[in-house]
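Good morning, and thank you for making time for this presentation. Please take a moment with the sequence and the model before I begin.

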Amino acid sequence: GQAISSFASQRGAITKISFSSDGSMIAAGSSTNASVIIWQTRTGQLVNSFERPPHYLVGMAFRPKSESVLISTTPLAWILDAKSGTLMQSFILGSCCGRVVEFSPDGQTIAFSNQLWDVENRKLLRELDTNLSSLSFSPDGTKMVSVHSSQPTFVSGRGYISPPSEVKIWNVQTGQILNKIQGGTPNNIQGLAFNPNNKNILIAE
């Protein structure tokens, strides 16, 4: 296919990328100094750039139905207005590293790895199982699917063996586990997503 636009960052290697919900802006993040650059998708024009030294960027996402972007570091996170850079919300994540970041479709809940937070009130709602490596909300926001990887165990004569990853489906409101699915290969689930019908899940190994 033909390239529509190209973007260049002068702040180090790009490690995270995210589109705004309406597709009008694209954000690129570099781990160095938690720097983020935002461009207009169509024209490539620079919208804004900011950084949060001395932290390192580990997660980034646009908030749905808004023009704000989340920057996640260890152990802090901020929601900033993408155009002005104004600080809108901040979070202290504690032991949660925030490497896996996902907003609910309505933008009211955010998952920082295994922690679910109320965005407006900056309130920790609940903590899920640890060793979470990937997650996705259902389109209606009522369910969440996550991948959990276990640490390798040593088996005499065979060395370290990694058990299969486990996929869990959660009720977002209650934190109840609705279903569990065993991965077919050891710690090798590369991605997962809900079908728009809210019923089916795609798991990529």
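What percentage of the 205 residues of the protein chain count as buried? The value is 40%. I should say at once that this is a predicted model, and that every value I quote is computed from it.

Let me begin with the overall composition. The protein chain has 20 strands and zero helices. Its exposed surface comes to about 10900 Å², and carbon and sulfur atoms supply 49% of that area. If one takes the contacts with a separation of 6 or more, 38% of them are between residues 24 or more positions apart.

I turn now to the sheet formed by strands S1 to S4. Four strands make up an open sheet in the order S1-S2-S3-S4, with antiparallel pairing. Strand S1, residues 14-19, and strand S4, residues 46-50, are its edge strands, each pairing on one side only. Direction ignored, neighbouring strands of this sheet are turned by 15° against each other on average. Within the sheet, S2 and S3 run antiparallel and are joined by six bridges. To place one position in that pairing, Met-25 stands opposite Gln-40 in S3.

The next pairing is that of S7 with S8. Strand S8 covers residues 87-92, and five bridges join S7 to S8 in an antiparallel arrangement. Here Ala-77 has Phe-91 in S8 as its bridge partner. The two strands form a hairpin with five residues between them, and Gly-85 in the turn has a positive phi of about 80°.

That brings me to the interior. In soluble globular proteins, nonpolar side chains tend to be buried together. In this model, the largest nonpolar core has 14 residues, and those with the most contacts inside it are Val-36, Ile-38, Phe-50, Phe-62 and Ile-71. Two or more residues of this core come from each of strands S2 (25-30), S3 (35-40), S5 (59-62), S6 (68-72) and S7 (76-81). Another core, of twelve residues, lies apart from that one, and Ala-61, Leu-70, Leu-93 and Trp-117 are among its residues.

Which residues does Phe-62 contact, leaving aside its neighbours within four places in sequence? Phe-62 is in contact with Ser-18, Phe-19 and Ser-20, with Met-25, Ile-26 and Ala-27, and with Ile-38. Its contacts also include Ser-68, Val-69, Ala-82 and Phe-103.

I come next to the charged pairs. How many salt bridges does a search of the whole structure find? The search finds three.

In one of them, Glu-120 is joined to Arg-63, and the closest N and O atoms are 2.8 Å apart. This pair links distant parts of the chain: Glu-120 is in the loop between strand S11 (115-118) and S12, whereas Arg-63 is in the loop between S5 and S6, 57 residues apart. Is Arg-63 buried or exposed? Arg-63 counts as buried because its relative accessibility is 11%, and the cut-off for that class is under 20%. Glu-120, at 44% relative accessibility, counts as partly exposed.

A salt bridge also forms between the side chains of Glu-67 and Lys-83, at 3.3 Å from N to O. Here too distant parts of the chain are linked, with Glu-67 in the loop between S5 and S6 and Lys-83 in the loop between S7 and S8, 16 residues apart. Glu-67 has a relative accessibility of 37% and so counts as partly exposed. Lys-83, at 43%, likewise counts as partly exposed.

There is also the pair of Glu-166 and Lys-168, whose side chains meet in a salt bridge at 3.9 Å, N to O. Glu-166 counts as partly exposed at 22% relative accessibility. Lys-168 belongs to strand S17, residues 164-171, and counts as buried because its relative accessibility is 7%. Not counting residues up to four places away in sequence, Lys-168 touches Asp-129, Met-144, Val-145, Ser-146, His-148, Ile-177, Asn-179 and Lys-180.

I shall set beside this a second lysine, Lys-123, which is in strand S12, residues 123-127. With a relative accessibility of 51%, Lys-123 counts as exposed, because that class begins over 50%. Beyond its neighbours within four places in sequence, Lys-123 is in contact with Leu-116, Trp-117 and Asp-118. Its C-alpha is 9.8 Å from that of Thr-109, at a sequence separation of 14 residues.

Thank you; I would be glad to take questions.

Methods
Residues numbered from 1 in each chain as written. Predicted model: local features only at pLDDT ≥ 70, side-chain atom pairs only at ≥ 80, totals over all residues. Heavy atoms only, no water. Core = buried A, V, L, I, M, F, W, Y, C linked by side-chain atoms within 4.5 Å. Buried < 20%, exposed > 50% of the residue type's maximum accessible area, 1.4 Å probe, protein only. Contact = heavy atoms within 4.5 Å. Pairing = 2+ DSSP bridges. Salt bridge = Lys/Arg side-chain N within 4 Å of Asp/Glu carboxyl O. Axes fitted to C-alpha atoms, helices over the stretch in contact; angles between N-to-C directions. Areas by Shrake-Rupley, 256 points an atom, 1.4 Å probe, with all protein chains shown as cover.
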